Amino acid sequence: MWPLTKPNNIEIELLESVVYIGPHTRTNPIVRGVVRVSNNRTSHIHILNILFVCDIKTKYCYNNKFSCDKKSITGDRLTLYCSHRKPLVVNSDSARQLSFEMLLPSEIPETINCPQIHVNHHVILDVEYYYDQRKLYQQIRKPVIIARLPDCRMLTGENLLEMIDSRKNESSWCQYRITIKKKAAPLGSLLPIQFEIAPLIPGVKLKEIYVQLMERRTVVPDVDRVERTTQSCFFIYPAKNSPFQLPTNILESPWEATVEYQLPSKMAHSTETYQNFFVNHLLLVSLVFQVPESENSTKHTTKSISFSSSIDLLHKHTANVTRLPTYHSLVSADETVHRHTINLDQPPPDYNAVI
């Protein structure tokens, strides 16, 4: 164990605090950053090693007892500095900065924290140095978030997201179609849902619309390789200040509306299927109608229609991933010149001057 002492002011600055991995990726993601070392008094650093660690903890019930499995996945140790003959001298006049780039293990699970599953990632810096003629050690930990990009095509046609579509369906009292505008959406974002309803009999009234998210967290322990699934249900509601209102009268003609629902930010996101766990989500939309019990009847009964589909809920940090502009959002020539600071009044530099 490395004793933790802090005579040196050492910090790890990551170029990207969030590392994105593609769906079903088999390539190694990369972490880049800088290690900064400074000290008010002179110290001599002999060893600077950096290591990536993924800690996995799963909880489950086995033989009527609660159990917990812990695993760690480590990358290759990267040596930033190692020399006992010529140590790295650090004092108030010579702060040091060392850059690094390290490959992470392939097929690494994404960062997630929920009741049964905890996956966290860190970059760990180990330092061995002499200070006031004493040999000391220091360890610095920097968290890294590994976020998965959608498990579906990001673009279809002219940069349109894939959708979930119930297609046109027909019941005894109406035709309906439910379209969820995104097949994958980050936690905390808005989820647009379009409703199209056409009455087939007189006296049909839309009473309520319910939208729920069913979360399934599955742990597969090595002890018996049996899946253990825990479920949670979340109601989601139209975003604040939404102008949406249900029709107050009987539907005498086709009715259509698009509503933006607010996804929760404090729930688990979906994951791929890993060796010991996976998380998936189901979106359930229910339409509640009031319909006549029979033709020419003044009595009414309550009927409901439900539609469900799997949905890929992403880590909230994927909301910041930049997407390409649509075909019609062309950048003008003047804006291109401005972005690249090109001076059209001056000729390009001489080739020999550049090299």
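## A tour from I47 to the aromatic pairs

Select I47 first: with a relative accessible area of 14%, I47 is buried (under 20% relative accessible area is buried, over 50% exposed, in between partly exposed, with a 1.4 Å probe and protein chains only). This is a predicted model, in which local features need pLDDT of at least 70 and side-chain atom pairs count only at pLDDT 80 or more, while totals for chains, interfaces and linings use all residues. Residues are numbered from 1 along each chain as its sequence is written, and side-chain values use heavy atoms, with hydrogens and water left out.

**Around I47**

I47 lies in strand 4. Strands (E, at least two residues) and helices (H or I, at least four) are DSSP runs, numbered from the N terminus. Now show V127. Its C-alpha atom is 5.7 Å from that of I47, although the two positions lie 80 residues apart along the chain. Leaving out residues up to four places away in sequence, I47 touches Y81, C82, H84, D126, V127 and E128. Contact here means heavy atoms within 4.5 Å.

**Zoom out**

Colour by secondary structure. The protein chain has two helices and 21 strands. Of its 355 residues, 42% are buried. Among contacts with a separation of 6 or more, 69% join residues 24 or more positions apart.

**The cavity**

Stay with strand 4, residues 43-62, and add strand 5, residues 65-74: these elements each give two or more residues to the lining of the largest cavity. Select I56, T58, D69, K70, K71 and N276 to see that lining. Strand 5 supplies the largest share, three residues. By type, the lining divides into one nonpolar, two polar and three charged residues. Ala, Val, Leu, Ile, Met, Phe, Trp, Tyr, Cys and Pro count as nonpolar, Asp, Glu, Lys and Arg as charged, and the others, Gly among them, as polar.

The volume is about 40 Å³. A search of the whole structure finds one cavity of 30 Å³ or more. A cavity is a set of points, on a 1 Å grid over the protein atoms alone, where a 1.4 Å probe fits but cannot get out; lining residues have an atom within 4 Å of a point. Grid points are joined across faces, edges and corners, and the volume is the space filled by probe spheres set on them.

**H281**

Next, select H281 in strand 20, residues 277-292. H281 is buried, at 3% relative accessible area. Add S270: a polar contact of 2.8 Å joins the two side chains. Such a contact is a pair of N or O atoms within 3.5 Å; within protein, one must be able to donate a hydrogen and the other to accept it, and residues adjacent in sequence count only if both atoms are side-chain atoms. Beyond four places in sequence, residues that H281 touches include M214, E215, M267, S309 and L313.

**Aromatic pairs**

Finish with the rings. The structure holds four aromatic pairs. Rings of Phe, Tyr and Trp (its six-membered ring) pair if their centres lie within 6.5 Å; planes under 30 degrees apart are stacked, over 60 edge-to-face, and the rest tilted.

Select Y210 and F235. They form an edge-to-face pair, 6.5 Å centre to centre, with 75 degrees between the planes. Y210 lies in strand 17 (residues 205-219) and F235 in strand 18 (residues 228-238), so the pair ties together parts 25 residues apart in sequence. Y210 is partly exposed at 37% relative accessibility, and F235 is partly exposed at 42%.

Last stop: F244 and W255. This pair is tilted, with 6.4 Å between centres and 55 degrees between planes. F244 sits in the loop between strand 18 and strand 19 (255-262), and W255 in strand 19, so parts eleven residues apart in sequence are tied together. W255 is buried, at 15% relative accessibility.

Technical notes. 1 Å grid on protein atoms, 1.4 Å probe; cavity = no way out; pocket = protein on both sides within 12 Å on 5 of 7 lines; lining within 4 Å.
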